[in-house]
Amino acid sequence: MRMKMRSRLAVVIVTMSSLLLGCYPQGPEATEDLDVVLTYFRDGYDFKAKTTYAMPENIVKITGNLQEGDAPEFIPDATATLILAEIDKNMLAMGWQKVEIDEDPDLLLTPASWDTTTIVYWYDYWSWWYGAYYPYWGYYPGYVSSYSTGTLLMALIDPKVVGANGNPIAQWTGALNGILTNSYNASRVNKGIDQAFMQSPYLKTN
Amino acid sequence: MGFGTGDLGDFISKPSFRGITIDFRKLVQPNIGVGFEIGWNAFYEAKSSEVYTIGNLSYSGKQWRYNNQFPLLFAVDYYLQPGEKVNPFVGLGIGTMYSLRNTDMGQYTLEQDAWNFALRPEVGVMVDASPGMSLAVTGKYYYGFEAGDLDAQSYFALTFGFVFKKL
């Protein structure tokens, strides 16, 4: 009778624990779930007093080392055109006027991008140790997985405001970050650009 | 089932349907049982994309919030009708509760934890189902005092379980 009770108790505990572990929530299910947008502005800068901006026609890709003589890289023109058009659309909606760089714009909007690859490496030391002593046992030497993330950075710079080192200071920064996929997804990027401006109402001049 | 209150309720508003407790009591008198409780309650909520602002910095995206509670308590129960088919009881637990909170956003997680000093009053009823086994329904309130990275963590729990006698 006692053994039967203990057996029942053990079955209940094991079953409930297994169900609980199996039902543990798994979190995000799609790459776009991990997209985030960050914006930052400097205190005391009066955006409403400015009206014009200029922006380059390509987007530099931050990679390599220019100081060692590497030529700057740019993201493909077709992709850059779509991104710059979306930025222009948002700036126009906020009352800004786009001018050429030689027309003395109030602000410069400098877009840039980079990607990083994270490598996850798992190595089971103990399986390797057993394998070395008992070669007839199978062992797993480890596995490697990786993922890449991309970041699009937008900075609004007042060329007349410089820091102590003589470099201009970004008065507003917007950054989009997400997991990279095999193909460019305009919808994801446009959504991020729109969000960056949506959470920056202080940029409105109209 | 668990229902967060206070700081836990503010962090995760959804009730939890993931939880298990294991209790042991030894009858030191016909109507007093002394023992321990260990448990796990998992609170979870997926938040749709929102903007979070601190000063001049705004950060937007989806969040996945997890709050895991692990109570480890010394427990005493008082049974109002020992030996009867329906046996209500009240009890108190005192001990510690490990709280583990994760806030996942983008590729990062913010992890906070604490070992809280905890109190747990409870009220419940046992109903005999078969010789040596009863069914129990219990209402509990866990309160873990502020500690570590977290404010006080508290929640109500409604539990349904089996009672095995004379192990």
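User: What phi does Gly95(A) take, just after H2(A)?
Analyst: Gly95(A) has a positive phi of about 95°. Helices (H or I, at least four residues) and strands (E, at least two) are DSSP runs, numbered from the N terminus. Note that this is a predicted model: local features need pLDDT of at least 70, side-chain atom pairs count only at pLDDT 80 or more, and totals for chains, interfaces and linings use all residues. Residues are numbered from 1 along each chain as its sequence is written, while chains are lettered from A and ligands numbered from 1 in the order in which they are written.

User: OK, and how far does H2(A) reach?
Analyst: H2(A) covers residues 77-93, and its 17 residues reach 24 Å from first C-alpha to last. That's close to the expected 24 Å, taken as 1.5 Å times one less than the number of residues.

User: Which of its residues are buried?
Analyst: Ile83(A), Ile87(A), Asn90(A) and Met91(A). Buried means 20 or more other C-beta atoms within 10 Å of the residue's own, exposed means 12 or fewer, and partly exposed is in between, with C-beta atoms placed from the backbone.

User: Why do they line one face?
Analyst: Because, looking down the axis of H2(A), they fall within an arc of 100°, based on directions from the helix axis to the C-beta atoms. On the other side, Asp77(A), Ala78(A), Ala85(A), Leu92(A) and Ala93(A) are exposed.

User: Which residues touch the most others in the largest nonpolar core?
Analyst: Ile87(A), Leu109(A) and Ala196(A), out of 24 residues. Such a core is a set of buried Ala, Val, Leu, Ile, Met, Phe, Trp, Tyr and Cys residues joined through C-beta atoms within 7 Å. Elements giving two or more residues include H2, strand E6 (107-122) and helix H4 (186-198) of chain A.

User: What does Ala196(A) touch?
Analyst: Leaving out residues up to four places away in sequence, Val37(A), Thr39(A), Met154(A), Gly174(A) and Leu176(A). Contact means C-beta atoms, placed from the backbone, within 7 Å.

User: Switching topic, how many helices and strands are in chain B?
Analyst: Chain B has 1 helix and 8 strands, in the order β-α-β-β-β-β-β-β-β from the N terminus. Of its 167 residues, 30% are buried.

User: Back to chain A: which element has the lowest mean pLDDT?
Analyst: Helix H3 (residues 125-133) of chain A, at 55, whereas strand E5 (residues 97-98) of chain A has the highest, 96. pLDDT is the predictor's confidence in each residue, from 0 to 100. Where pLDDT is low, don't read the predicted coordinates in detail.

Terms used:
Contact = placed C-beta atoms within 7 Å.
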